[in-house]
Amino acid sequence: MHFQNAIFAGGGSRCLWQVGFWDGANEAGLGLDTSVNYAAGTSAGCTMALVVSLGRGPEALALFKRLTAANPANIHWKNLKPGSGKPLFPHLRIYRQALEEFLMPDDLKNLEGKQLEFLMARFPRYMPSSLGTALAFTIYGLEKHITGVLHPRWTRKLGFTQIVANSREATVVGELVDAILASTCVPPVLAGDGFRGQRVLDGGIIDNVPAHLADGREGKTLVLLSKRYRQELPLPGQRVYVQPSERITLDKFDYANPEGLQQTYDLGRRDGAAFAAAYC
């Protein structure tokens, strides 16, 4: 079975499972590196799509582990002290540093022949940012908790619409960084500055598993999730969904657990190898 498209769900630190799955499946002969020419994602899935498209999974893992090993905690309470001038949450600083260190000036050339898309959610014009953020994530969380749905839709009824950034529009690697960070905007942990003058939030509130972005494209689509779902996944067809074989214990906002990142990646490698053995 050959895949031409790949979708990367959001899920924060848990998305390292996707990189492990990709690497494990490739080593077992699935050939994703050569067959997939289109990849899309949202939130942290954008970074994983970029990492595997560049073929540098182990390098990214090592970088993420180094940066999280240097971070003592996920909340820096001492920064509440008046005059500290430092953020309570270190996530945005670490995430930006990881992207800027990972990407090289010639990586846009290295992506030639591939297309990456990054999903983000645009605010309704009438809605204040603070109110919209609270409503969006509350309703999104309720829908996921109550229904366990794979593709949430309730937040769209508030008037949020999608923006899709395309890697081919970038002229410098810094524009890829800006698009990925915009797609991962989850205030106050990962606050953002918008995207091209528009107010945006994490694209997961539109669809945390944005498989619709590959609709209409030629070939089969591999959809990489970042957690186990309690309901049965759709049967393989034009889309083939894959999920971790066991619950990932790493929290999506855990930026202080390099061992957890390694364990999550290793689980992905085992799952990818098993998948390739079944489908090759």
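## Pockets, cavities and surface

Helix H8 buries Val173, Leu176, Val177, Ala179, Ile180, Leu181, Ala182 and Ser183. That makes eight buried residues out of eleven in H8, which spans 173-183 and is mostly covered. The model is a predicted one. Its largest pocket has a volume of about 740 Å³, and a search of the whole structure also finds two cavities of 30 Å³ or more.

**Largest pocket**
- The volume of the largest pocket is about 740 Å³.
- Its lining counts 32 residues, with Gly11, Arg14, Tyr140, Lys227 and Lys252 closest to the centre.
- Helix H7 (129-147) and helix H9 (204-207) each contribute at least two lining residues.
- H7 gives the most, with five residues.
- By class, the lining of this pocket holds eleven nonpolar, twelve polar and nine charged residues.

**Second largest pocket**
- The second largest pocket encloses about 210 Å³ of space.
- It has 17 lining residues; Leu233, Tyr241, Val242, Gln243 and Tyr279 lie nearest its centre.
- Helix H1 (16-27), strand E7 (239-242) and helix H10 (258-279) are the elements that give two or more residues to this lining.
- H10 gives the most, again to the second largest pocket, with five residues.
- The class split here is 13 nonpolar, two polar and two charged.

**Largest cavity**
- About 200 Å³ of space lies in the largest cavity.
- Its lining comprises 14 residues, and nearest the centre are Ser13, Leu16, Phe64, Tyr95 and Tyr255.
- Helix H3 (44-53), H4 and H5 each give two or more of the lining residues.
- Ten lining residues of the largest cavity are nonpolar, three are polar and one is charged.

**Second largest cavity**
- The second largest cavity has a volume of about 50 Å³.
- Its walls are formed by Trp22, Leu32, Val36, Asn37, Tyr38, Ala39, Ser53, Lys114, Gln115 and Leu116.
- Strand E2 (38-42) and strand E3 (115-122) each supply at least two of these residues.
- Six residues of this lining are nonpolar, three polar and one charged.

**Surface patch**
- Ile75, Trp77 and Leu80 make up a nonpolar patch on the surface.
- Together these three residues have about 330 Å² of accessible area.
- Ile75 sits in the loop between helix H4 (57-69) and helix H5 (91-102).
- Ile75 counts as partly exposed because its relative accessibility is 30%.

Conventions:
Residues are numbered from 1 along each chain as its sequence is written. This is a predicted model: local features need pLDDT of at least 70, side-chain atom pairs count only at pLDDT 80 or more; totals for chains, interfaces and linings use all residues. Side-chain values use heavy atoms; hydrogens and water are left out. Patches are made of residues with over 30% relative accessible area and no salt bridge: like charges are joined within 9 Å, nonpolar side chains (Val, Leu, Ile, Met, Phe, Trp, Tyr) within 5 Å. Accessible areas come from the Shrake-Rupley method with a 1.4 Å probe; for residues, only the protein chains shown count as cover. A salt bridge is a side-chain nitrogen of Lys or Arg within 4 Å of a carboxyl oxygen of Asp or Glu. Helices (H or I, at least four residues) and strands (E, at least two) are DSSP runs, numbered from the N terminus. Buried means under 20% relative accessible area, exposed over 50%, partly exposed in between (1.4 Å probe, protein chains only). On a 1 Å grid over the protein atoms alone, a cavity is a set of points where a 1.4 Å probe fits but cannot get out, and a pocket is an open set with protein on both sides within 12 Å along at least five of seven lines; lining residues have an atom within 4 Å of a point. Grid points are joined across faces, edges and corners, and a volume is the space filled by probe spheres set on the points. Ala, Val, Leu, Ile, Met, Phe, Trp, Tyr, Cys and Pro count as nonpolar, Asp, Glu, Lys and Arg as charged, and the others, Gly among them, as polar.
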